Amino acid sequence: MTVSDQEKQSGKTNAAKMLQRGGFATALGALFATLGSAVGLGNIWKFPSETGTSGGAAFIIVYLLATLLVGLPVMISEIAMGRSARANAIETMRKVSPSKKQPWWLIGAGGALAAFLIMAFYTEVAGWVFAYIFKSISGSLLSTDPNVTSQAFADLISNPWQALLWQWVVLVVITIIIIRGVSRGIEATAKRLIPLLFVLLLIVDIRSLTLPGAVEGLKFLFTPDFSKLTGATILAAMGLAFFKLSIGMGTMITYGSYWKDDQNIPGTTTRVMLADLLVSMLAGIAIFPAVFAFGLQADAGPSLLFITIPAVFASMPFGGVFMVLFFVLAAVAATGAMLSLIEVPVAFLNEQFNLPRATGAIITAVLLALIGSLAALSSSVLADVTVFGKNFFDLFDFLSSNILLPVGGFFITVFVGWFWGYDKFRQVLTNRGTLKNDKLVRAIFLLIKFITPLLVLVVLLNGLGVF
Ligand code: TRP
């Protein structure tokens, strides 16, 4: 084995692989590892923020439909291809491709680009979370006065040096983890902490729900007003479904390559999806009742989490301690998700250009610091610089979630439905006939072949105003 092979093997940042080696309960092991990538800032930050700006319940319903009809089929496709080829995303697409001439590997390459754009703003939001750990330790955040909590957040993001510094802290942490190859440990921790995050969210939910005026928040979350939907918000809901399940760019292809042969793919992916939805809903119930109780703005966008959560904690006994714990857990969840993201470009550099993982990780981090600074400075020095009417932060978010991931998902399902074909698909999903789930597999295949790609295309073109 060459040095680079060894590096490749020892550095694999995948908890599932380790779990198999360690003989962890298989079904549960793969489920938690995959959940470790899915659960992140998407649940506690992006989901509430977009629900708030896009009109509440109606947006959530579209998001649920997108998750079922688009998200789950794409996830199943990715996991199935990865497990059948047992390789990284680009290599998987080459292997499953019926002819070497067809450029399906471009899906993997497009995924690396998407990973960069996502990381550019994700590291910034993670930076705010890291900063909030320290701010909540100092106690300066504990206030139920919206002006105070909003101001504290505005101070953080409008200070260019603080914004950059916290992003760099995040990048350094991730790079060290990737280089040292201890990510297995981190992901194992992340996955143990998900249940804890869950419990903490429940505590916040109870407090939030018992605040005077909380009902308005529940109405916002559960009474749909479909007049608020536009092509753009429907596209945003679909983009969120992609972002949430870490699909459309190869992360789940890579994860699937670590799943065991006897793992039930439809069963496990469905559980991951449901657990992920549950975390998002718990976050929504933590935040929206408080928004209305404290007279905050539901459409505050990216700042929503950071101004409502301190207010909820400020109104509960031991709030200061819980708040520190909350942001620590959020940081861990975000780190787990980021590792699965950064793995895509690092593996790409490693395999396409034969770069050692450490070099690849450092190059990636430096590039991310450069592109990411555009996102970090979007609320200060670069606030007035816009492209298509969006600042860089929003632009990266929009381009990745609402364009690159859906385009990736479109080609993934077209490939599975029309080029990979039913026989191979059935082989993988029935575990070579051992699972008696033929009817289900057939239904999923028809969804993947006809419905999902069509839906993605229509929502995408409509959302972009093409028709
Ligand atoms: N799903 C993660 C979250 O919700 C983010 C994420 C991790 C991701 N890996 C990804 C998004 C791959 C898209 C593609 O926070």
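Let me begin with where the ligand is: the space it takes is the second largest cavity, and I should say at once that what we are looking at is a predicted model. That cavity has a volume of about 150 Å³, and among the 18 residues that line it, the closest to its centre are Ser 37, Tyr 122, Phe 243, Ser 246 and Leu 341. By class, this lining is made of 11 nonpolar, six polar and one charged residues, and H3, H4, H7, H12 and H16 each supply at least two of the lining residues.

Now to the ligand itself and the shell around it. Here 16 residues surround the ligand, with Ala 38, Gly 42, Tyr 122, Phe 243 and Lys 244 the closest. The shell divides into nine nonpolar residues, six polar ones and one charged. What are the polar atoms that lie by a nitrogen atom of the ligand? From the backbone, a polar atom of Ala 38 is 2.9 Å from a ligand nitrogen, and a backbone N or O atom of Ser 37 lies 3.4 Å from a nitrogen atom of the ligand. From a side chain, a polar atom of Ser 340 lies 3.1 Å from a ligand nitrogen. Taken alone the ligand exposes 370 Å², and the protein buries 100% of that.

As for which elements build this shell, those giving two or more residues are helix H3 (26-38), helix H4 (41-53), helix H7 (106-138), helix H12 (231-244) and helix H16 (319-352). Of these, H16 gives the most to the shell, with three residues.

Let me turn from the ligand site to the rest of the empty space in the model. The count comes to five cavities of 30 Å³ or more, and, as I said, the ligand takes the space of the second largest. There is also the largest pocket, which holds about 470 Å³ of space. This pocket is lined by 20 residues, and the closest to its centre are Glu 50, Thr 53, Ala 236, Lys 390 and Asp 397.

Which helix supplies the largest share of the lining of the largest pocket? That is H18, with six residues, while H4, H12 and helix H18 (392-420) each supply at least two. H4 and H12 therefore deserve a second look on the screen, as they also each supply at least two residues of the lining of the second largest cavity. By class, the pocket lining has seven nonpolar, eight polar and five charged residues, to be set beside the 11 nonpolar, six polar and one charged residues that line the second largest cavity.

Notes. Residues numbered from 1 in each chain as written. Predicted model: local features only at pLDDT ≥ 70, side-chain atom pairs only at ≥ 80, totals over all residues. Heavy atoms only, no water. Near = heavy atom within 4 Å. Polar contact = N/O pair within 3.5 Å; in protein donor to acceptor, adjacent residues only side chain to side chain. Areas by Shrake-Rupley, 256 points an atom, 1.4 Å probe, with all protein chains shown as cover. 1 Å grid on protein atoms, 1.4 Å probe; cavity = no way out; pocket = protein on both sides within 12 Å on 5 of 7 lines; lining within 4 Å. Sits in = over half its atoms within 2 Å of the grid points. Helix = DSSP H or I, 4+ residues; strand = E, 2+ residues; numbered from the N terminus. Nonpolar A, V, L, I, M, F, W, Y, C, P; charged D, E, K, R; others polar. Points joined across faces, edges and corners; volume = space filled by probe spheres on them.
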